[in-house]
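Trainee: Pick one part of this model and take me through it closely. I'd like to hear what surrounds it and how it ties into the rest of the chain.

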Amino acid sequence: MPVPSTLEIALNRRRMLHLAGLAAVAGGTATAQAARPVVRAPDAHATAAHATEGPALRRDTIAVAAIQTRVTPVDAGNPAPQVAANLAAMVEAIGRVQAQPLRKDLIAFSGLALQGWMPADRTGLRRAAIADDGPEIAVLAGRARAHDCYISFGALAVDADWPGEVLAVTYLLDPMGRIRAKDWAPFADPAAPVASIAAHLDRYAEMYGPAAVVPVHATEVGVIAQSPAVNMPELFRAFALKGADVLIRPLAHGLPTWDAPACAAHTRCFSVVTTPAAPADGESVYTRGGGTVIHGPAGETLAEAGSKWEQAVVATLPMARHRATRTPLTVGAALFLPTYQDHLADFA
């Protein structure tokens, strides 16, 4: 039997500490939450190449909350207390938004909601990273079950199928508490020790199928695509071509004011952009915050954060009407594909 590394021992110890300290957070005993296995849905990494056909909508109008939380910065040397504090803030925010008269079908958090901004090497990032079977997923899956909703959030993660790697992913938990999707970031900063689809394209496509390179997920609240990508219109148009209704964008900071409405209008999709709230003065070197916004498929603003501070941005999406009236995208492939093909080397 191989001897576990000191890093694996440290990660396991952190998870045990979490299990001992999350009882109040989980709405029950943390041990009970973690004991119930959280499994991936059959297509947690990939769906059909085109997801226009899927489950019937649970209702004609889907209620969405994009929650802009203030994030506790994480100490790369000892991340457990800060990750636990951020998890507690997420759980509290879910309870608060679901206590309102309008029950939410989909709740989205930012890309920093759980682990915050943390400059670190690969070892430091792995200490803070979560796993599919870890207590953080168990707790949030419990909230998804309790509130009968989907929950989306960005996170750093580890995966037994990718030993040694740190993954930047966006999770989607379904109302049964399953991992409905675990979408990798398409690209990563070359200087960051984080894996991306582009960096491992051949192996990734071989493991999960070509459809998972541009993944869309057919759910009872719409066909969902998730990505933290910025300034990548080709990606979001590809999501739309595969049938996406809703683009979830879990970001680390706000966008230029033109980006989010343009993305929604160019794809004819609903767009949910969730950013962190601004930290308190002196709390972190990461000082930008705010910018959470929900747009309709014509680029119209449905709801937006009124400040850079903590809040929930709520909108109702007329999904059935959108599907009944939506027209196909105009791509003009005959005009543009030859140019793309001529310049493929420039895009590598």
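Mentor: First, a word on the vocabulary: helices (H or I, at least four residues) and strands (E, at least two) are DSSP runs, numbered from the N terminus. Bear in mind that this is a predicted model, in which local features need pLDDT of at least 70 and side-chain atom pairs count only at pLDDT 80 or more, while totals for chains, interfaces and linings use all residues. Residues are numbered from 1 along each chain as its sequence is written, and side-chain values use heavy atoms, with hydrogens and water left out.

The chain has 12 helices and 12 strands, and I'd zoom in on strand β3, residues 150-157. Eight of its eight residues are buried, where buried means under 20% relative accessible area, exposed over 50% and partly exposed in between (1.4 Å probe, protein chains only). For context, buried residues make up 51% of the 348 residues in the chain. In a regular strand the side chains alternate between the two faces of the sheet. In β3 both faces are covered: Tyr150, Ser152, Gly154 and Leu156 are buried on one side, and Ile151, Phe153, Ala155 and Ala157 are buried on the other.

Now for the sheet around it. β3 belongs to an open sheet of six strands with mixed pairing, in the order β5-β4-β3-β2-β1-β12; two strands pair if DSSP finds at least two bridges between them. β5 and β12 (311-317) sit at the edges with a single partner strand each, so one side of each has no neighbour in the sheet. From one strand to the next the twist averages 20°. On one flank, β3 pairs with β2 (residues 106-108) in the parallel sense over three bridges, and Leu106 stands opposite Tyr150. Leu106 is also the bridge partner of Val64, with β1 and β2 running parallel and joined by three bridges. On the other flank, seven bridges join β3 to the antiparallel strand β4 (residues 167-173), where Leu172 is the bridge partner of Ser152.

If I had to pick one residue of β3, I'd take Phe153. Leaving aside residues up to four places away in sequence, Phe153 touches Met90, Phe109, Ser110, Leu114, Ile130, Ile137, Leu140, Val169, Thr170, Tyr171 and Leu173, a contact being heavy atoms within 4.5 Å. Phe153 is also one of the residues with the most contacts inside the largest nonpolar core, alongside Phe109, Tyr171 and Leu173. That core has 49 residues; a nonpolar core is a set of buried Ala, Val, Leu, Ile, Met, Phe, Trp, Tyr and Cys residues joined through side-chain atoms within 4.5 Å. The elements that give two or more residues to this core are β1 (62-68), α4 (80-98), α5 (122-128), α6 (135-147), β3, β4, β5 (179-184) and α7 (201-208). α4 gives the most, with seven residues. A second, separate core of 21 residues includes Ala181, Val221, Ala315 and Met319.

Two of those contributors, α4 and α6, also pack on each other. Their axes are 11 Å apart and make an angle of about 5°; axes are lines fitted to C-alpha atoms, for helices over the stretch in contact, and angles run from 0 to 180 degrees between N-to-C directions. The two helices are therefore roughly parallel to each other, given that angles under 35 degrees count as roughly parallel, over 145 as roughly antiparallel, 65 to 115 as roughly perpendicular and the rest as oblique. From α4 the contact takes Val83, Leu87, Met90, Val91, Ile94, Gly95 and Gln98, and from α6 Glu136, Val139, Leu140, Arg143 and His147. These divide into seven nonpolar, three polar and two charged, with Ala, Val, Leu, Ile, Met, Phe, Trp, Tyr, Cys and Pro counted as nonpolar, Asp, Glu, Lys and Arg as charged, and the others, Gly among them, as polar. Note that Met90 of α4 and Leu140 of α6 are in this contact and also touch Phe153.

One last stop in α6: Ala146 lies in this helix. With 46% relative accessibility, Ala146 counts as partly exposed. Ala146 and Gly177 are 31 residues apart in sequence and 8.9 Å apart in space, C-alpha to C-alpha. Across the chain, 68% of contacts between residues at least 6 apart in sequence join residues at least 24 apart.
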